[in-house]
Amino acid sequence: MTEKKNIAIMGAGLVGSLLSLYLARRGHKVDLYERRPDLRTTIIDGGRSINLALSDRGWRALKGIGIEEEVRKVAIPMRRRVMHDEQGNLTYQPYGKEGQAIYSVSRGGLNMVLMNRSEPNPDITYHFSRQAMDVNLRTNEVQLRNVETGEIETIQPDLLFGADGAFSVVRGAMQKTERFNYEQHYLEYGYKELTIPATAEGSWAIEKNALHIWPRGNYMMIALPNVDGSFTCTLFFPYEGEHSFANIKTKDDLLSFFNEVFPDAVPLMPELSTEYFENPVGSLVTVKSFPWSYEGKSLLIGDASHAVVPFYGQGMNAGFEDITVLDQMLDSFDGEDWEALFNKFERRRKPNADAIADLAVMNFIEMRDKVANARFLLRKKIEGKISEQYPDRWIPLYSMVTFTDLPYSYAMETGLKQEEIMKKVMKHIKTVEDYDKPEVQQLLEKQLVQKEKLKPYKAKEV
Ligand SMILES: Cc1cc2nc3c(=O)[nH]c(=O)nc-3n(C[C@H](O)[C@H](O)[C@H](O)COP(=O)(O)OP(=O)(O)OC[C@H]3O[C@@H](n4cnc5c(N)ncnc54)[C@H](O)[C@@H]3O)c2cc1C
Ligand SMILES: NC(=O)C1=CN([C@@H]2O[C@H](COP(=O)(O)OP(=O)(O)OC[C@H]3O[C@@H](n4cnc5c(N)ncnc54)[C@H](OP(=O)(O)O)[C@@H]3O)[C@@H](O)[C@H]2O)C=CC1
Ligand SMILES: Nc1ccccc1C(=O)C[C@H](N)C(=O)O
C-alpha cells in the first residue's frame, strides 16, 4: 500500500464523485469541495443537461467500483436513432449490433448514486457550498469561499485534483504557469432544454428506447427518454441569423417556427412556450489544455482538462475513462513519484482527449444534417455489412468510440481510413443488394486483406 495521502478534490460532479470512491479504495483520505449545495437535499436551479448518454467507457468505470448494477436499474437503453422529418415521417439507424445500446441516465440521479456510495466511508467527506476561489499551485493551498456565509477558509492538501468542470478554477491557476497551453473554442450555437412530458397514462409519447433527432440542416432538436415517461429535448440552434435564438422574440415567432419545422413534436410539448422563454441558453465550448498537472501535487481530470461539445455523448464517458486509466496506473505505482505518475497519465490521455473533442464536432454535422439523407443511411447499412463480414478488420467508427475501449485517437485515425475506403465502395452501390456485387467484394478484399489497410489495434508504450 502506498502512503495514505490527504487528497482534496475540487468539484463533486460526476467525475469528482466517482474519483473519490476510487482513491478512498486505495486507502487515501478524500475531501470533496463543491460550490453547489447538496443536490440530494436541495432543488438546484440552473443546472442544465438533465440526462446523459452513458456508454461502454462510462459503464467500465462504474463497474470498476461495483456500482454498475445499481445504475443499470435506472438507465434506459437507446438502441437506435429515430429521425423525424418535416412531415413527421420517421427513419431509423441502429447504433450498433443486436444487443448494443447507449443508455439514457439522469445526471442528478447518477450523481446522487455516486454520492450515496461514499456515505458509509469514513475516508470520504463532502463539503457543499464551498467554492474554490484561488489556488496557489506551489504551496498547494486552496482558498475556498463558503457560498452561504461568505467566509473564506484555506486548505492545504497533499494532493489536489481539479474536477471542477469546463470552467475550472484549478485550470485557471495552471493557465498562469509557464508554458501552459490553453485553447478554447465556442460554437456559434447554443442549446436550450425543453420537455415532452409523459402521456396521461404515464407512458412515453414517442418510441422509448431510442434517441430522437429532428435534423434540419444547420440546426437540430434531439430527445432522450427519462424513467418517468418524459423526454428531455435539446434544441441546438444558432445564436444569430435567420433561424436563431436572436430571431425568436415572441410566442408567435416561436409557435409559427416550431409548427413549421417540428410539426410532430409541437402537440407533444404543452409547456413549449413557457419553457422556451424561461430556460437559459447554454453555450457550447471545446477546451484543450496541457499539461494537466503541476509538480506532482495537482492534477486536472474530466471536463476541467478537456471539455468537449456534447454531440458524441462522450464528455462524461471520457472523464470516467480518465479515472479507469489513472486507477490502472495506480496498480503499478510505487507510491513515491506522483509527478512521474501524473506526467504519464496526461501524456497517455491527451491525444485521446483531443481526438474525442474533434470527433464530437464532426458528429454535430452528422446529426443535424447527414442523418436526414437516404444515401447516408444506405452507407451505414453497407458499413454494417462490411463489419459483419470482416469483424476483426472493421469496427465502424461510431462503435469504436461507443462500444469499445480502443483509444479515441486510434478510433479517429482508423475512421479516416475507413472513410477513404467507403468513398470507393459507395461508387458501386445503389441499393443494399449491390454489396454482393463482385466489384464491391473484390475492392474490399484488396483494401482489407491484401493491402491490410485497417490493422487491428496494438497498444503503444507511453
Ligand atoms: C447539454 C450537454 C449534454 C451532455 N450530454 C452528455 C452525454 O450524453 N454523455 C456524456 O458522456 N457527456 C455529456 N455531456 C458532458 C458532461 O456533462 C460532462 O463531460 C461531465 O459532466 C463532466 O463531468 P465533470 O465532473 O468533469 O464536470 P461537472 O459535471 O461539471 O462537475 C464539476 C463540478 O464542479 C463544481 N464546481 C465548478 N467550479 C467549482 C469551484 N470553483 N469550486 C468548487 N466546485 C466547483 C460544479 O458545480 C460541478 O458540480 C453533456 C454536456 C452538456 C453541456
Ligand atoms: N463543453 C460544453 O460545451 C459544455 C460543457 N458543460 C459541462 O457540462 C457540465 C454540467 O453543466 P451545468 O451544470 O449545466 O453547468 P452550467 O452551465 O450551469 O455552468 C456551471 C457554472 O459554470 C460557469 N459558466 C457557465 N458558462 C460559462 C461560460 N461561458 N464562461 C465562464 N463560466 C461559465 C457559471 O458560473 P458563474 O455562475 O460563476 O458564472 C455556471 O454557474 C459541466 O461539466 C460542464 O463542465 C457545460 C456547458 C457547456
Ligand atoms: N447525448 C447527446 C447529447 C447531445 C447531443 C448528442 C448526444 C448523443 O448522445 C448523440 C448520439 N451519440 C448519436 O450520435 O446519435
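UniProt annotations may be inferred rather than shown by experiment, and their positions are given here in the numbering of this model. With that understood, the tour of this predicted model may begin at the N-terminal end.

**Residues 6–24.** Select this span first. The unreviewed UniProt entry assigns it the feature "transmembrane region". In the model, 58% of the span is helix and 26% is strand, and its end C-alpha atoms are 10 Å apart.

**Ligand 1.** Display ligand 1 next, together with the 33 residues around it. Which of these come nearest? They are Gly11, Gly13, Gly165, Gly302 and Gly315. Colour the surroundings by element: helix H1 (14–25), strand E3 (51–54), strand E9 (130–136) and helix H8 each supply two or more residues to the shell. The greatest contribution is that of H8, with four residues. By class, the shell around ligand 1 holds 14 nonpolar, 14 polar and five charged residues.

**H1 against H4.** Keep H1 selected and add helix H4, residues 107–118. Their axes approach within 9 Å and cross at roughly 25 degrees. Angles under 35 degrees count as roughly parallel, and H1 and H4 are therefore roughly parallel to each other. The crossing of H1 over H4 is left-handed. To see the contact, show the side chains of Leu14, Ser17, Leu18, Ser20 and Leu21 in H1, which meet Leu110, Asn111, Leu114, Met115, Arg117 and Ser118 in H4. This contact between H1 and H4 comprises six nonpolar, four polar and one charged residues.

**H8 against H2.** Return to H8 and select helix H2, residues 56–63, beside it. The two axes lie 8 Å apart, at an angle of about 40 degrees. That angle makes H2 oblique to H8. The handedness of this crossing is left-handed. On the H2 side the contact uses Arg57, Gly58, Arg60 and Ala61, and on the H8 side Met316, Asn317, Ala318, Phe320, Glu321, Ile323 and Thr324. Five nonpolar, three polar and three charged residues make up the contact of H2 with H8.

**H8 against H9.** Now select H8 (residues 315–331) with helix H9 (residues 338–368), whose axes come within 10 Å and cross at roughly 150 degrees. H8 is thereby roughly antiparallel to H9. H8 passes H9 in a right-handed crossing. Show Ala318, Asp322, Val325, Leu326 and Met329 of H8 facing Leu341, Lys344, Phe345, Arg348, Arg349, Ala353 and Ile356 of H9. In this contact of H8 with H9 there are eight nonpolar and four charged residues, and no polar ones.

**Ligand 3.** Move to ligand 3, around which are Ala53, Arg81, Ile102, Leu211, Ile222, Thr234, Pro310, Phe311, Tyr312, Gly313, Asn363 and Met367. How does this shell divide by class? Eight of its residues are nonpolar, three are polar and one is charged.

**Two backbone details.** The last stops concern backbone geometry. Most residues other than glycine have a negative phi, and most peptide bonds are trans. Select serine 129, in the loop between strand E8 (124–127) and E9. The phi of serine 129 is near 55 degrees, a positive value in a residue other than glycine. Then go to proline 291, in the loop between strand E17 (282–290) and strand E18 (293–294). Is the peptide bond from phenylalanine 290 to proline 291 cis or trans? The bond is cis, with omega near -5 degrees.

Technical notes
Residues are numbered from 1 along each chain as its sequence is written. Chains are lettered from A and ligands numbered from 1 in the order in which they are written. This is a predicted model: local features need pLDDT of at least 70, side-chain atom pairs count only at pLDDT 80 or more; totals for chains, interfaces and linings use all residues. A residue is near a molecule or strand if its C-beta atom, placed from the backbone, lies within 6 Å of it. Ala, Val, Leu, Ile, Met, Phe, Trp, Tyr, Cys and Pro count as nonpolar, Asp, Glu, Lys and Arg as charged, and the others, Gly among them, as polar. Axes are lines fitted to C-alpha atoms, for helices over the stretch in contact, and angles run from 0 to 180 degrees between N-to-C directions. Angles under 35 degrees count as roughly parallel, over 145 as roughly antiparallel, 65 to 115 as roughly perpendicular and the rest as oblique. A crossing is left-handed if the near helix is turned anticlockwise from the far one by less than a right angle, and right-handed if clockwise. Two residues are in contact if their C-beta atoms, placed from the backbone, lie within 7 Å.
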